[in-house]
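Q: I'd like a close look at one part of this model: how are the strands arranged, and what sits around them? Keep it informal, please.

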Amino acid sequence: MPIVHITRRERFCASHRLARPDWSDAKNLEVFGKCSNPNGHGHNYVLWVTVAGQQDPETSFVTDLSLLSRIIKEHVIDQLDHKNIDLDVPFMKGRYSSTENLCVAIWEQLQGPVSALGVQLKTVKVEETENNYAEYHGE
């Protein structure tokens, strides 16, 4: 059977602040602009998770998307949705909450559970705004 990529989309809302604690508020404002607001700011994120695998000869499915959705919700969405990424999300502790870092951290959360489904995690894409997103392919 051929190898096929399939993608599941999920959504979450979260807040964060882009700021280095070792910099002054003025320096953070200079580098990160309004994203360094001391009280943070929020986004309606969109998350795409792409997996690849052989199609099941009986169903033609690569994987059960309802199981993939449950894994994403348990390991990612439930931890991020309506939370402050900098303060409330254990897998982001010690990391700046840039979209790039969030994308890599989500990959790390999903890699093991997704592999247990018998498919390969190929891409995690995190859209912060309609104009900005980051993708990670495990490299």
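A: Contact here means heavy atoms within 4.5 Å. By that yardstick, 66% of the contacts between residues at least 6 apart in sequence join residues at least 24 apart. Bear in mind that this is a predicted model, where local features need pLDDT of at least 70, side-chain atom pairs count only at pLDDT 80 or more, and totals for chains, interfaces and linings use all residues. Residues are numbered from 1 along each chain as its sequence is written, and side-chain values use heavy atoms, with hydrogens and water left out.

The chain has four helices and five strands (DSSP runs numbered from the N terminus: H or I of at least four residues for helices, E of at least two for strands). Going along the sequence, you meet them as β-α-β-α-β-α-α-β-β. The C-alpha atoms fit in a box of roughly 60 × 25 × 20 Å along the principal axes.

Now the sheet. Five strands make an open sheet in the order β3-β1-β2-β4-β5, and the pairing is mixed (two strands pair if DSSP finds at least two bridges between them). Sitting at the edges are β3 (83-84) and β5 (132-136), each pairing on one side only. Strand β1, residues 3-16, is joined to β3 by two bridges, and these two strands run parallel. If you want a spot to zoom in on, find alanine 14, which stands opposite lysine 83 in β3.

Helix α2, residues 65-80, packs on this sheet, where it touches β1, β2 (41-54) and β3. The direction of α2 makes about 25° with that of β1 (angles run from 0 to 180 degrees between N-to-C directions, with axes as lines fitted to C-alpha atoms, for helices over the stretch in contact).

Serine 69 is a handy residue for seeing this packing up close, as its place is in helix α2. Leaving aside residues up to four places away in sequence, serine 69 touches Arg8 and Glu10. Why does serine 69 count as buried? Because its relative accessibility is 7%, and buried means under 20% relative accessible area (exposed is over 50%, partly exposed in between, with a 1.4 Å probe and protein chains only). Over the whole chain of 139 residues, 38% count as buried.

Then there's helix α4, residues 99-115, which lies across β1, β2, β4 (120-129) and β5. Against β4, helix α4 runs at about 150°.
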